[in-house]
Amino acid sequence: MKSNEITREQLCRMFDHTNLKAYADRQAFEVLCREARENHFAMVAINPVPVALCRQLLEGSDVHVGAAISFPLGQDTIEMKVEATRQAILCGADEIDYVVNLGEIKNGNWDYIEREMSGIVTLCRQKNVISKVIFEICYLTEEEIVRLAQIAGKVQPDYIKTSTGFGTHGAVAETVRLMKQTVGDQVKVKAAGGIRDWETCAAMIDAGAERIGTSSSLKILEEFDRCKGENNGTY
């Protein structure tokens, strides 16, 4: 899908509406879930602790609850990540975004990376939960990104994802395109990190992203509506 063809409804269903702040309180999650429900966003992206609350707040809606696992550093053991995934699912998460072990990538320990991915993706598949693998592209070389995407092509999570938003930079359209070219149609791509306006969002969609992780969903929608109006419903 290209950004100049997308409808407002389709755009809304691409948003993972995000609040991963350490200091977010109950009121913040009530606002997040209300906005997601009203706009029919795909998911709320949150840390594991508020999963049960958000599941309750979104009861009866079409919005998923996504838990961020080993976020943002990815420096938990495979066993810890799998157990955290299990607990998040028990609390009501129906999507999981986990951070890969970047240290083991730098060590060239690709067998470890595949075992980690397989463990989490297999559990998600058993529980009928969507799985996303966060690459954190700002710390990876192009060769490492390709190798990681090739492993994802073999393991087949539902999505590979650019970034946590907590690294030195977030999503880059050229890297989204590289990730998509590597996995082809087997795995979808989520762009996240630094996507705060419609122009940037559109670039990610045109590069091949099918989900957008952002805390600026409403602002992007406003800009989308304004651009569409200025162009008489087309671009």
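This report walks through a cavity, some ring contacts, a few backbone oddities and a strand pairing. Keep in mind that the model is predicted.

**The cavity**

Let's start inside. Searching the whole structure turns up 1 cavity of 30 Å³ or more, and the space in the largest cavity comes to about 30 Å³. Its lining is made by Leu20, Ala45, Ile46, Gly66, Ala67, Ala68, Phe71, Asp97 and Lys161. Sorted by character, the lining residues are 6 nonpolar, 1 polar and 2 charged.

Where do these residues come from? Strand 2 (43-46) and strand 3 (64-69) each bring at least two of them. Strand 3 is the top contributor to the lining, giving 3 residues. Two names from the lining, Phe71 and Lys161, will turn up again below.

**Rings that meet**

A look through the whole structure gives 3 aromatic pairs. To describe such a pair, you give the distance between the ring centres and the angle between the planes. Here are two of them, both edge-to-face:

| Pair | Centre to centre | Angle between planes |
|---|---|---|
| Phe71 and Phe166 | 5.3 Å | 90° |
| Trp198 and Phe224 | 5.0 Å | 80° |

The Phe71 and Phe166 pair links distant parts of the chain, 95 residues apart. Phe71 belongs to the loop between strand 3 and helix 4 (78-91), while Phe166 belongs to the loop between strand 6 (159-161) and helix 8 (173-183). Are the two rings buried or exposed? Phe71 has a relative accessible area of 17%, so it falls under the 20% limit and is buried. Phe166, at 49%, counts as partly exposed because that value does not go over 50%.

Now for Trp198 and Phe224. Trp198 is part of helix 9 (residues 198-207) and Phe224 is part of helix 10 (residues 217-230), so this pair ties together parts of the chain 26 residues apart in sequence. Both Trp198 and Phe224 are buried.

There's also a charge sitting over a ring: the charged end of Lys132 is 5.9 Å from the centre of the Tyr159 ring.

**Backbone oddities**

Phe71 comes back here, since a cis peptide bond joins Phe71 to Pro72, with omega at about 0°. Pro72 has its place in the loop between strand 3 and helix 4.

Which residues other than glycine have a positive phi? Asn128 is one of them, with phi at about 60°, and Glu136 is another, with phi near 60°. Asn128 is in the loop between helix 6 (110-126) and strand 5 (130-134). Glu136 is in the loop between strand 5 and helix 7 (142-155). How do their surroundings compare, buried or exposed? Asn128 has a relative accessibility of 71%, so it counts as exposed. Glu136 has a relative accessibility of 2%, so it counts as buried.

**Strands 6 and 7**

Last stop: a pair of strands. Strand 6 and strand 7 run parallel, joined by 3 bridges. Lys161, which is also among the residues lining the largest cavity, stands opposite Lys190 in strand 7.

Why is strand 7 (residues 188-192) described as largely enclosed by the rest of the structure? The reason is that 4 of its 5 residues are buried.

Technical notes:
Residues are numbered from 1 along each chain as its sequence is written. This is a predicted model: local features need pLDDT of at least 70, side-chain atom pairs count only at pLDDT 80 or more; totals for chains, interfaces and linings use all residues. Side-chain values use heavy atoms; hydrogens and water are left out. On a 1 Å grid over the protein atoms alone, a cavity is a set of points where a 1.4 Å probe fits but cannot get out, and a pocket is an open set with protein on both sides within 12 Å along at least five of seven lines; lining residues have an atom within 4 Å of a point. Grid points are joined across faces, edges and corners, and a volume is the space filled by probe spheres set on the points. Helices (H or I, at least four residues) and strands (E, at least two) are DSSP runs, numbered from the N terminus. Ala, Val, Leu, Ile, Met, Phe, Trp, Tyr, Cys and Pro count as nonpolar, Asp, Glu, Lys and Arg as charged, and the others, Gly among them, as polar. Rings of Phe, Tyr and Trp (its six-membered ring) pair if their centres lie within 6.5 Å; planes under 30 degrees apart count as stacked, over 60 as edge-to-face and the rest as tilted. Buried means under 20% relative accessible area, exposed over 50%, partly exposed in between (1.4 Å probe, protein chains only). A charge sits over a ring if NZ of Lys or CZ of Arg is within 6 Å of the ring centre and within 35 degrees of the ring normal. Two strands pair if DSSP finds at least two bridges between them.
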